[in-house]
Amino acid sequence: MRFGHFDDAAREYVVTTPHTPYPWINYLGSEQFFSLLSHQAGGYSFYRDAKMRRLTRYRYNNIPADAGGRYLYVNDGGDVWTPSWLPVKADLDHFEARHGLGYSRITGERNGLRVATTFFVPLGENAEVQRVAVTNTSDAEKTVTLFSFVEFCLWNAQDDQTNYQRNLSIGEVEVEQDSPHGSAIYHKTEYRERRDHYAVFGVNTRADGFDTDRDTFVGAYNSLGEAAVPRAGVSADSVASGWYPIGSHSVRVTLAPGETRDLVYVLGYLENPQDAKWADDAHQVVNKEGAHALLGRFATAAQADAAIEALQTYWTDLLSTYSVRSGDEKLDRMVNIWNQYQCMVTFNMSRSASFFETGIGRGMGFRDSNQDLLGFVHLVPDRARERIVDIASTQFPDGSAYHQYQPLTKRGNNDIGSGFNDDPLWLIAGVAAYVKETGDWSILDEPVPFDNEPGSEVPLFEHLTRSFEFTVQHRGPHGLPLIGRADWNDCLNLNCFSTEPGESFQTTENQAGGHAESVFIAAQFVLYGAEYAALAERRGLTEVASQARKVVDEVREAVLEHGWDGRWFLRAYDFFGNPVGTDAKPEGKIWIEPQGFAVMAGIGVGEGPDDTAAPAVQALDAVDEMLGTPHGLVLQYPAYTTYQIELGEVSTYPPGYKENGGIFCHNNPWVIIAETVVGRGDKAFDYYKRITPAYREEISDVHKLEPYVYAQMIAGKQAPRAGEAKNSWLTGTAAWNFVAVSQYLLGVRPDYDGLVVDPQIGPDVPSFTVTRVARGATYEITVTNSGARGARGALVVDGTPVEGNHVPYAPAGSTVRVEVTL
């Protein structure tokens with residue numbers, strides 16, 4: 001069952017009913033100001049940090065699920081409704097929500113009046129703009145009154161939801177009915193003390209009335225759907241003092257049949273320097289020069305339209321770096337539009353703010369941000385460079401790192417701390433990807449501090465060395481890396497032994513004396529240790545590279561000797577030295593992470609897809625047999641049915657959910673890539689289609705979440721609601737699936753000296769053309785694909801056959817044509 005459709009030409013997903021199984025959202029903004037927006041106008045806005053600079057309030061775990069947003073009420077002769085359906089929920093004659101790249105357009109029509117609002121964050125602005133078109137579709141004149149609504153958050157979202165004894169007394173606003181460009185409301189809570197920032201909510205006409213007090217606007221004991229002021233048909237001109245500040249303008253509109261009236265609303269964030277905060281000597285009136293200038297840039301619908309056009313051009317240019325024409329519309333729309341778009345959103349957000357992450361409890365992840373970089377480095381390499389420096393600056397001198405950092409301050413998050421022993425190696429992965437994409441070797445000489453401590457700066461390459469050496473120095477009795485608090489799987493807590501309800505598995509003090517080891521980190525070390533050696537060698541550090549490769553070989557052998565269970569790779573050794581992920585146990589026999597990553601690292605690969613004696617082939621066959629479902633590959637099987645204290649949080653979830661037998665879409669791509677490594681492109685593409693949202697659109701009633709972006713998790717085969725997705729948008733799934741499909745299935749990936757062209761996608765896609773821009777040159781790569789297992793492409797570059805699969809980088813501005821035959 002579907003609830004809309006793709007419009008590929010417009011690069012939009014069109015939601016055709018408000019009654020989706022869950023709110024389907026979009027992200028507005030690509031620089032410093034961001035908004036989350038559902039198809040029902042729910043969500044909120046913030047500047048840079050969803051915890052510390054939140055402009056509008058949103059309530060998670062609410063009933064209904066999507067309560068709170070930016071709403072436009074219509075009073076049409078006493079008939080009150082909202083074009084977004086929520087919150088009034090009056091029946092609409094027509095509803096449509098178009099989620100595009102950085103904008104959404106929500107249209108509702110009732111009783112001959114159509115209201116279409118385009119929401120977007122303009123390039124270079126710290127503001128959300130709402131461009132409204134009100135059209136009389138009836139054959140008679142209409143006079144209606146529109147009531148806008150936003151509810152201001154008191155900046156710190158956590159304090160806003162907890163410190164009521166203070167917050168219910170500090171709300172302050174200013175109102176300008178006659179601002180230079182219409183009417184404006186200013187939210188200035190705490191501006192009189194330590195804050196240098198305020199918010200503005202304006203409309204580009206003189207409003208007929210306003211409200212800034214929530215209780216007056218909504219009415220005692222009412223919901224937003226029963227708001228008193230829209231039902232009264234006239235604003236109360238209330239001024240918030242303490243209590244709950246909001247922004248609402250009423251605009252009365254008279255329309256002839258067929259006539260349209262355009263309005264522009266702007267919600268903006270402004271800062272003033274300390275010596276220019278005030279417009280008066282008494283320090284009571286906010287200096288509004290910045291706000292007036294902002295409102296002036298969107299004083300007309302034509303200005304808003306121009307900004308929308310600029311935003312669309314920006315995305316067109318951005319997505320031109322990698323595209324495919326394959327004849328498979330689902331593959332093309334995911335590669336060309338939605339997967340890359342989601343990669344950019346995860347670049348901006350990490351895991352901090354979605355409809356599943358409140359933006360309060362998490363900042364930017366060290367591991368997360370490095371992996372996200374793999375999916376967006378080709379789009380915004382300059383910003384990727386900045387992100388790498390930010391990440392590396394939170395590393396400690398011993399090579400470990402803060403697990404998270406706050407985006408506003410860029411400093412490490414002490415609440416969660418460090419001790420996740422996979423973190424250091426992800427920095428090598430991110431830097432290697434950046435250098436391969438850009439050829440910018442100078443980044444390795446960039447001075448970067450430890451723990452953001454001035455004076456501790458060393459070249460970035462030294463940070464990579466500390467990352468490498470941290471793993472070398474933290475190995476257990478089997479020669480495998482120690483896991484610490486956890487590895488990639490935050491819920492595999494082998495040193496925790498928690499018995500206290502509510503205790504954090506990740507931050508509680510670990511028990512000393514054990515030697516819990518991770519086969520996953522071992523495979524990760526083999527893969528990224530080799531990248532470290534390659535970087536060292538290209539810096540002329542031949543002895544460093546040689547020694548690094550020696551240690552990598554040691555760990556590779558340790559995996560084959562101590563990390564192999566007979567048919568698949570073990571997951572770990574626990575605190576007591578017992579294997580985890582072994583056929584000898586009734587539950588948790590096989591785990592997905594080491595099977596994918598070990599084969600990605602080339603461990604036990606053998607001679608190709610038919611080498612059934614090779615550990616890699618055996619492990620992947622076991623994955624298919626034991627972890628496979630129609631909805632993707634589960635994380636482990638069988639799931640745990642009782643709490644395993646020696647394993648930690650992983651066994652606290654019900655069987656089939658999250659890390660306990662759920663389909664963790666983040667690590668499915670590792671198996672997809674692994675299948676291409678052994679030459680089974682058909683199997684790789686099959687796995688790809690099982691979790692990719694465009695291929696799941698027809699079962700949206702089962703999947704429940706957006707059919708245009710990946711979810712973190714899909715309920716596994718032991719769950720009562722198998723196939724149901726959770727945690728959409730902010731997931732490493734976006735980056736890893738783009739790596740899997742663009743670099744391995746379609747087979748075009750950057751290396752240090754050229755592009756590797758090695759497609760492996762099976763017979764379902766008999767031909768395709770990839771256009772790839774790399775280091776200023778354009779590569780047009782046409783593939784004729786037999787789909788035969790194990791076949792590798794024969795390349796003709798600009799008419800000349802070449803050996804191997806390597807295409808050297810060409811001068812910027814040139815076009816290279818590559819023909820590939822499998």
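A residue is counted as buried when its relative accessible area is under 20%. R214 has a relative accessible area of 18%, so R214 is buried by this cut-off. The model described here is predicted.

The side chain of R214 meets that of E151 in a salt bridge, with 2.7 Å from N to O. E151 lies in strand β13, which spans residues 142-155. R214 lies in helix α3, residues 214-218. The pair therefore ties together parts that are 63 residues apart in sequence. E151 is buried too, with a relative accessible area of 4%.

A second buried pair is formed by R195 and E190. These two residues form a salt bridge. Their closest N and O atoms are 2.6 Å apart.

A further salt bridge joins the side chains of D753 and R538, at 3.0 Å from N to O. This pair links distant parts of the chain, 215 residues apart. D753 sits in the loop between β35 (748-750) and β36 (754-757). R538 belongs to helix α12, residues 519-538. Both partners are partly exposed. The relative accessible area is 43% for D753 and 42% for R538.

Salt bridges also link residues into a network. Its members are D7, E12, E96, R98 and R105. Over the whole model, the count comes to 57 salt bridges. Among them are the buried pair E151 and R214 and the partly exposed pair D753 and R538.

Technical notes:
Residues are numbered from 1 along each chain as its sequence is written. This is a predicted model: local features need pLDDT of at least 70, side-chain atom pairs count only at pLDDT 80 or more; totals for chains, interfaces and linings use all residues. Side-chain values use heavy atoms; hydrogens and water are left out. A salt bridge is a side-chain nitrogen of Lys or Arg within 4 Å of a carboxyl oxygen of Asp or Glu. Helices (H or I, at least four residues) and strands (E, at least two) are DSSP runs, numbered from the N terminus. Buried means under 20% relative accessible area, exposed over 50%, partly exposed in between (1.4 Å probe, protein chains only).
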